[in-house]
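Please consider the following model with attention to how one helix presents its sides to the rest of the chain.

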Amino acid sequence: MLAEIVAALMGIGLVFVSLRWNVRSLCRCVSQLARDAFLRVARRGNLRLAQAKVFHQVSAANAISHEIQAALSETLAKLADVETQRDRWRDLARSGQARSTEMQAEIDQLKATNAALGRERDEWSALAATKPQSPPPDDVSYRRKFARLRAVVVKSLHPDHGGGSQEERTIRSELFKRVWPQIERIESDH
């Protein structure tokens, strides 16, 4: 779309250049017509009348020429503005194309990363499918293990079991008082 705008603006510039050339040609034609009119009237022998007609025609042609030149100057100023805007749009189009190229490179890189992640995901899925699943813990087996752990804790920490000094018994008693309610709570959960 930007290329179309730039092309249209360039076309407008060519129209203005062509208009300028046509105005210059028109001014030359008006001058030539005035000279021809003067010569025609002068050939008839009435030089005063020829001068008056030619003066009137030249004055009218000059007035028209000045109007055309003023319009042309205004048009040329507008053309300069249009050319400046065209150049700005062209620069924007170039920077947009550069950014588009960068973004395309980023997209290609992200696609490659996505593909690599997909392959890795598939490998992990295949690996997980080949890994043997461990059976859920047997409730009876779990209870037996818990009972053995409970017996070890009682034997190790209960103040009535084992010997040792009074300090050791006191420490084991305090530990037992703290651990035993937790064991009972875990046992009641199952």
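In this predicted model, the buried residues of helix α3 are Phe146, Val153 and Leu157. They lie on the same side of α3, because the arc they cover around the axis is only 20°. The general geometry of an α-helix is relevant here: there are 3.6 residues a turn, so residues three or four places apart point the same way. The face of α3 turned away from this buried side bears the exposed residues Arg144, Arg148 and Lys155.

Helix α3 itself comprises 19 residues, from 139 to 157. From its first C-alpha to its last it reaches 27 Å, close to the 27 Å expected at 1.5 Å a residue.

What do the buried residues of α3 pack against? Their partner is α4, which spans residues 166-189. The largest nonpolar core consists of six residues, namely Phe146, Val153, Leu157, Phe176, Trp180 and Ile183. To this core, α3 and α4 each supply at least two residues.

Val153, a residue of helix α3, illustrates the packing in detail. Its relative accessible area is 15%, and it therefore counts as buried, the cut-off being under 20%. Leaving aside residues up to four places away in sequence, Val153 touches His158, Val179 and Ile183. Val153 and Val179 are 26 residues apart in sequence, yet their C-alpha atoms are 8.6 Å apart in space. Ile183, with the same exclusion of residues up to four places away in sequence, touches Phe146, Arg150 and Val153.

Terms used. Residues numbered from 1 in each chain as written. Predicted model: local features only at pLDDT ≥ 70, side-chain atom pairs only at ≥ 80, totals over all residues. Heavy atoms only, no water. Helix = DSSP H or I, 4+ residues; strand = E, 2+ residues; numbered from the N terminus. Expected span 1.5 Å × (residues − 1). Buried < 20%, exposed > 50% of the residue type's maximum accessible area, 1.4 Å probe, protein only. Arc of directions from axis to C-beta. Contact = heavy atoms within 4.5 Å. Core = buried A, V, L, I, M, F, W, Y, C linked by side-chain atoms within 4.5 Å.
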